[in-house]
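Visitor: Could you show me how to read the packing and backbone features of a model like this one?
Guide: Gladly; let us look together.

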Amino acid sequence: YSPGACSLATHIALEEAGADYEPVRVTLAQGEHLRPDYLAINPHARVPALATERGVITENIAILNFIADEYGAEGSVPRGDAHAAARCNELLAWFASTVHIAFAQIWRAERFTDEESVWDAIQIGGRKALQRQFDEIETICGDEWLVPGHFTAADGYALLFFRWGRRIGEEMVIFPKWAALVTRAIERPAVRRALEREGL
């Protein structure tokens, strides 16, 4: 994991599951994900990566579904309710493929092109995209949790993105339903443990 990165969602799921695991810090800001020893674990140079008895699993959605299958606990993906599982994975896919990418435009424009002259435009585009996405997140925060009746990894991601919104200077006070969801999440002991472990 890297403190405050998207690996926080997996960290929360492991804590919710009561899993016996060893967290290993790989700080993205210090380039530790680019070291040969980490690239041997995940050649895509991303976090999280989960070492299991049968090999390493990468990509949050895969890891979160693995945790769900192994433990059947809150915080990952619901089991025993096919519709809830599909809704959770739908949200996770959108978060990973769309919302996360808009943040990447702001923080890592160089991922999209080597042409430095257009980095400002990429960052502006990311902010515009996030404005629409933040509005959508606010509209889906009507129930206690994003997947009704279940605290899932989608809520962990919502917490993460709220934090990231603050980091980029967005006025998050204009999203009261989303803020309330984040407050409920932080009240969970497992979420607090994950945040404390990451020093957040």
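Guide: What follows is a short tour through helix packing, the core, a hairpin, a few single residues and some backbone angles.

Guide: This is a predicted model, in which local features need pLDDT of at least 70, side-chain atom pairs count only at pLDDT 80 or more, and totals for chains, interfaces and linings use all residues. Residues are numbered from 1 along each chain as its sequence is written, and side-chain values use heavy atoms, with hydrogens and water left out.

Visitor: How should I read the packing of two helices, and at what angle do the axes of H1 and H3 cross?
Guide: Two packed helices are described by the angle between their axes and the distance between the axes. Here helix H1 covers residues 7-17 and helix H3 covers residues 60-71; their axes cross at roughly 5° and come within 10 Å. Helices (H or I, at least four residues) and strands (E, at least two) are DSSP runs, numbered from the N terminus. Axes are lines fitted to C-alpha atoms, for helices over the stretch in contact, and angles run from 0 to 180 degrees between N-to-C directions. H1 and H3 are therefore roughly parallel to each other (angles under 35 degrees count as roughly parallel, over 145 as roughly antiparallel, 65 to 115 as roughly perpendicular and the rest as oblique).

Visitor: Which residues of H1 meet H3?
Guide: From H1 come Ser7, Ala9, Thr10, Ala13, Leu14 and Ala17, and they meet Asn60, Ile63, Leu64, Ile67 and Tyr71 of H3. Eight residues of this contact are nonpolar, three are polar and none is charged. For that split, Ala, Val, Leu, Ile, Met, Phe, Trp, Tyr, Cys and Pro count as nonpolar, Asp, Glu, Lys and Arg as charged, and the others, Gly among them, as polar. Contact means heavy atoms within 4.5 Å.

Visitor: Is H1 enclosed or open, and what covers its buried residues?
Guide: Eleven of the eleven residues of H1 are buried, so H1 is largely enclosed by the rest of the structure. Buried means under 20% relative accessible area, exposed over 50%, and partly exposed in between (1.4 Å probe, protein chains only). The cover over these residues includes H3, H6 and H8. Take Thr10, which is found in H1 and is buried at a relative accessible area of 4%. Beyond its neighbours within four places in sequence, Thr10 is in contact with Pro48, Asn60, Ile63, Leu64 and Ile67.

Visitor: What about the nonpolar core: how many residues does the largest one have?
Guide: In soluble globular proteins, nonpolar side chains tend to be buried together. A nonpolar core is a set of buried Ala, Val, Leu, Ile, Met, Phe, Trp, Tyr and Cys residues joined through side-chain atoms within 4.5 Å. The largest one has 55 residues, and those with the most contacts inside it are Phe95, Phe103, Leu130, Leu146, Tyr157, Phe161 and Trp178. Helix H4 (82-107) is among the helices that each supply at least two residues, and its eleven residues are the largest share. Tyr157 touches Cys6, Ala9, Asn60, Leu92, Phe95 and Ala96, residues up to four places away in sequence not being counted. A second, separate core of five residues includes Ala5, Leu28, Tyr38 and Val47.

Visitor: How do strands E1 and E2 run, and how many bridges join them?
Guide: Two strands pair if DSSP finds at least two bridges between them. Strand E1 (residues 49-52) and strand E2 (residues 55-58) run antiparallel and are joined by four bridges. They form a hairpin with two residues between them. Ala49 stands opposite Thr58, and Thr52 stands opposite Gly55.

Visitor: Which backbone angles should I look at?
Guide: Most residues other than glycine have a negative phi, and most peptide bonds are trans. In this model, Ala45 has a positive phi near 60°; Ala45 lies in the loop between H2 and E1 and is buried at 8% relative accessibility. Glu59 also has a positive phi, about 75°; Glu59 sits in the loop between E2 and H3 and counts as partly exposed at 45% relative accessibility. Val47 and Pro48 are joined by a cis peptide bond, with omega about 0°.
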